[in-house]
Protein chains: 2
Amino acid sequence: MTRRSIATVCVSGTLDDKLAAAAAAGFDGIELFENDLIVSPWSPAEVRSRCADLGLSIYLYQPFRDFEATPHPAAALRRAEHKFEVMAELGADTLLVCSSVSAEAMDDDDLAAEQLAALANAAAGRGIRIAYEALAWGRHVNTWDHSWRIVRAADHPALGLCLDSFHILSRSSTLDGIEDIPPEKIFFVQLADAPHLRMDVLQWSRHHRLFPGQGSFDLSDFLGRLKNYDGPLSLEVFNDVFRQSDPERTAVDAMRSLLALEEVPAAPELRAHAFTEFGVDGRSGPELQEALRGLGFTHTGQHRSKPVELWEQGACRVILNSAVTRPRTPGTASLSAFALTSADPAQSGVRAEALLAPPLPRTRGPREAELTSVAAPDGSTILFSRDDDDWRADFLATGEIDTGGAGLTHTDHLGLAQPFDHFDEAGLFYRSVLGLTQLTTEEYAAPFGLMRSRAFATGDRTIRLALTVALLRRGDWAPAVVDPQHLAFATDDIFATAEAIGPTLPVPDNYYADLRARFALPDETVERLRRFGILYDRDATGGELLHLYTPVFGGRVFFEIVQRTGGYDAFGETNAPVRMAAHRHARLSS
Amino acid sequence: MTRRSIATVCVSGTLDDKLAAAAAAGFDGIELFENDLIVSPWSPAEVRSRCADLGLSIYLYQPFRDFEATPHPAAALRRAEHKFEVMAELGADTLLVCSSVSAEAMDDDDLAAEQLAALANAAAGRGIRIAYEALAWGRHVNTWDHSWRIVRAADHPALGLCLDSFHILSRSSTLDGIEDIPPEKIFFVQLADAPHLRMDVLQWSRHHRLFPGQGSFDLSDFLGRLKNYDGPLSLEVFNDVFRQSDPERTAVDAMRSLLALEEVPAAPELRAHAFTEFGVDGRSGPELQEALRGLGFTHTGQHRSKPVELWEQGACRVILNSAVTRPRTPGTASLSAFALTSADPAQSGVRAEALLAPPLPRTRGPREAELTSVAAPDGSTILFSRDDDDWRADFLATGEIDTGGAGLTHTDHLGLAQPFDHFDEAGLFYRSVLGLTQLTTEEYAAPFGLMRSRAFATGDRTIRLALTVALLRRGDWAPAVVDPQHLAFATDDIFATAEAIGPTLPVPDNYYADLRARFALPDETVERLRRFGILYDRDATGGELLHLYTPVFGGRVFFEIVQRTGGYDAFGETNAPVRMAAHRHARLSS
């Protein structure tokens, strides 16, 4: 009788969605992916019990990476011990070890066999088996017959093979001889089909071109070499997204890309986030007030004539505006504007206009100060102020005094979800109109699909914007908050801040169990992070990010508190799936 | 003063959309892509005049392919003459010739130079210049310096270079020396940026795996080699679409993929399309009646108790059902069911159920005959009948007699637009549940974005289904009918049929002008096709497809009439963009 199994990566959702779907379709068991466990609020024992209730076995736990032929066998075995603990709780008896992709891995089959035998020995003591799989892109071991030679040489009863049709057939490896492997040494078989695909330069050219400034080519150098050419400069961009989005916007985006290559008025220095404004209504307004008060903000100012409030803490300023018409869904809040302090606001406006940023009336809505403003691609407003005085005059003091609250010092970054059709357009807009530098682009698999994030900043990182987009999401599934906006504040002591503020987003214990193993952090450090729901990341040079999140308020807005050390320059993207699953769980349980 | 230009491929829509967008964004001119002209109802002279009205120059007409170093220079020059005629009408003076990708092209720079000089000479006589571009994937010529050596050798004033940043920078070619090209020999400069991209096996694995039976791997062979393995068979499929679609459906799809690999009840022979049913309402019903009458159908039967009509012509049967609840948008029609004649309907149902096709009550809605039925992934119903008698008994003869009408003989195929999330699922469903063979998958750039089509058929081609999906379409743009369904009838003489039927979808004259050049068809053949709006395709072995379309009725349904000769086995996918643009124009002008 065939036992049928499905890996949790195959389907969308958080672990509860995935298990329910697998059981409903009649599967006998699952492969549990570590990431699905990490973002789950269920303990491993609870997962085991849920699977038992659903009639699902946990056939495999995976992946365990970069183990064999390592120069650091003791550390690798310690990492494995953590997995064994989790597996014992889960009641899973087979661990997938995929062949190493590490640059440090040695090309030494004897060493690989010896270390895998040692791993199998440690596993066997806990009733666990090791299924060794050759990844098609493994550094030294990337064919099934190579992995089989190593497993044979290791000759340990708790060590066998995992055979994955993708890794074998994608390389067009011969199958001859695979039938001679003793069945008891095949611990696991994974099936996947795939289309024949290639990304040769033709495919790249026909589907993925971008307008100048949106990609990685050095077009200034290219054009610099053609300075005597006086014919037309013509954009020829084959792009699947542009092929299906509003042509008027695409054409403006295209024109901006050419203008930005030429002489444009210089971008004045941007010095600070002056304030961030949310449009609110009668339901979302009180939610955000409550949230801000919980974060230690003070309602310091009230607009002299409009239902507009100023909330402050240190140099963090948030405006709640009940007079803007932006929150289209009743009860929701929406980031309606942000203001940047410019060395020359008028010049910022001139540059923006030269780059086709739609200018907005200089006085509009509730703001009476004459600030230069332009419309951003997502429909929000960007204002340029010279200094605080030019907008603060609109507000009458409430008498409440900002006492520094929870130690938030300034705005670290804005997180702006972009509409799919306009992600590259938005990037070029922020880069060119504001004169920001483009930082890295990251992609990650989140519970409800693939995400891309791309960040922009001033050279001194005073201003940081992180754009995100769901790369493929369509249809009716994806029940989470799909396009939240967020505002991140900096603190110099996130633990003190965390002590001082209201409830934050609960982070699963599984996350911390993994963190301990992943970064070899001391138990007490991990415990301290866990207690406050603080997430952690570390870059290659040792720079650290400690950050925490609030729940979602007003339907689509949340806040983040970050502490950066040692020049950490990213945004903790690796933790975003944890945050997204936690927001989903918070919503379901509220 | 820089003249700024944009290729019409850069933006979405039909030519009118593209020109309006380019002008609104302030471009000075355009590169006109042949395909945009071909699908346009405007003559070249009208395009010229429209561009003039908008202040747009036509800087370049493109592409002209596979010219240089050809063994058939006379035929290639004749093709070029056609382009020159079109360009004269357009008032465009520069033709892009991209380096040959033909397997027939010879690796002979002298011959290339000689032929390009001859082409330039012919062009110069009409005031036209030739801009020669090295494609990054050109067969012999794929670097800018190689194209420059050939242009220098040809030494003709009407021959120069087109330099495209993509083709140059994607290959990381050196730019050294490019500044020494005399400016007068650089006829055109095209700019595109691009991200660094690769589709290595890692990317392929992490984003594009499929469930067994949905891709190209031979998993039966793979599993056959592992017949002594008795552990779980586990699906491990990383797929961006599945990551973001309804997990319950994905899990069922996954289970079906495993079941189909194992022993399932045999698929009984399918012998014919018995009928196709459309759900209609008070507005779409009369539209479809009118359309069917226009195609020569006769209203032969009336359901004995329900508002259900049978329309016939030869072996083509269409049922209009006003009792189904499917047309959710008032005024629209929707394909609600189709029936296939099976050698063993009960067994067809048993197999479908074994493969998790949702069974439907054996009698439902207006059909009183007991037909086995299952639900298709798009929500429509598939019925299995033994012969016509088992469903025809529901209908009373109206007294109207089918006299063969317009010569339509039988149903050639159904065209079923699929929801994006479920395209691969639908393919596996039709392949496994009905036991159909998967034919080729085609992708093409349509006016409103990239399309994919995948066809399934019985071995004898009695039953053919063509599934289509818009690969990326999201957001609010794409004003055309985005997911039409269609029913294609066969004829043995499409010209006689075309004479006999009502108005068909107008096809642009530009299409026929191109057809003449592309297939070297006699003028009188092209004129005959043009007169009736018949589209044409020819396969590599000389098999031909002649086909024509009706307008869209009931919001989302159209009909096609096809005549296949010489074993033509495809669906004229190359003409689909023409049809899509024509449907758009018909809508706008109605």
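In what order do the eight strands of the open sheet in chain A run? Going across, you read E14-E15-E13-E9-E12-E11-E10-E16 of chain A, and the pairing is mixed. Before we walk around in there, keep in mind that this is a predicted model.

So let's start with confidence. Chain A averages a pLDDT of 91, and 96% of the residues score at least 70. If you go element by element in chain A, helix H8 (residues 201-207) has the lowest mean pLDDT, 83, while strand E23 (residues 544-549) has the highest, 98. As a rule, where pLDDT is low, the predicted coordinates should not be read in detail. For the complex, the predictor gives an ipTM of 0.84 and a pTM of 0.86.

Next, the layout of one chain. The domain assignment splits chain A into domain 1 (5-190), domain 2 (201-261) and domain 3 (270-589). Measuring over C-alpha atoms is how the spacing was computed here: the centres of domain 1 and domain 2 of chain A are 45 Å apart.

Back to that opening sheet in chain A. Its edge strands are E14 (372-375) and E16 (395-397) of chain A, each of which pairs on one side only. From one strand to the next, the twist averages 30°. For a look at one pairing, take strand E13 (residues 334-342) and strand E15 (residues 381-385) of chain A: they run parallel and are joined by five bridges. One spot to click on is Thr341(A), whose bridge partner in E15(A) is Ser385(A). There is a helix to find here too. Helix H12 (residues 345-354) of chain A lies across E13, E14 and E15 of chain A, and it runs at about 25° to E14(A).

Now hop over to chain B for another sheet. Here eight strands form an open sheet, again with mixed pairing, in the order E18-E19-E20-E17-E21-E24-E23-E22 of chain B. Strand E18 (437-446) and strand E22 (535-538) of chain B have a single partner strand each, so one side of each is left without a neighbour in the sheet. Ignoring direction, neighbouring strands in this sheet are turned by 25° against each other on average. At one end of the order, E18(B) pairs with strand E19 (residues 449-457) of chain B in the antiparallel sense, over eight bridges. Within that pairing, Tyr444(B) has Met451(B) as its bridge partner in E19(B).

How do the two chains meet? On the chain A side, 109 residues are in contact with 109 residues of chain B. Helix H10 (residues 247-261) of chain A gives the most to the side that touches chain B, with eight residues. Sorted by class, that side of chain A has 61 nonpolar, 24 polar and 24 charged residues. Strands take part across the chains as well: strand E8 (residues 233-235) of chain A and strand E7 (residues 186-191) of chain B run parallel, joined by three bridges. In that pair, Leu233(A) stands opposite Val189(B) in E7(B).

What about symmetry? In general, two copies of a chain are related by a rotation about an axis and a shift along it. In this model, a rotation of 180° with 0.0 Å of shift along its axis superposes chain A on chain B, with an RMSD of 0.0 Å. The two copies are therefore related as by a two-fold rotation axis. The same surface serves both copies, as 100% of the contact residues of chain A recur in chain B.

Finally, a few backbone details to look up. The peptide bond from Gln62(A) to Pro63(A) is cis, with omega near -5°, and Pro63(A) sits in strand E3 (residues 57-64) of chain A. In chain B, the bond from Gln62(B) to Pro63(B) is also cis, with omega near -5°, and you'll find Pro63(B) in strand E3 (residues 57-64) of chain B. Which residue has a positive phi although it is not a glycine? That's Ser172(A), with a phi of about 50°. Look for Ser172(A) in the loop between helix H7 (165-169) and strand E7 (186-191) of chain A.

Definitions and conventions: Residues are numbered from 1 along each chain as its sequence is written. Chains are lettered from A and ligands numbered from 1 in the order in which they are written. This is a predicted model: local features need pLDDT of at least 70, side-chain atom pairs count only at pLDDT 80 or more; totals for chains, interfaces and linings use all residues. pLDDT is the predictor's confidence in each residue, from 0 to 100. Helices (H or I, at least four residues) and strands (E, at least two) are DSSP runs, numbered from the N terminus. Two residues are in contact if their C-beta atoms, placed from the backbone, lie within 7 Å. Ala, Val, Leu, Ile, Met, Phe, Trp, Tyr, Cys and Pro count as nonpolar, Asp, Glu, Lys and Arg as charged, and the others, Gly among them, as polar. Two strands pair if DSSP finds at least two bridges between them. Copies are superposed by least squares on the C-alpha atoms of residues with pLDDT of at least 70 in both. Domain bounds come from an automatic or database domain assignment. Axes are lines fitted to C-alpha atoms, for helices over the stretch in contact, and angles run from 0 to 180 degrees between N-to-C directions.
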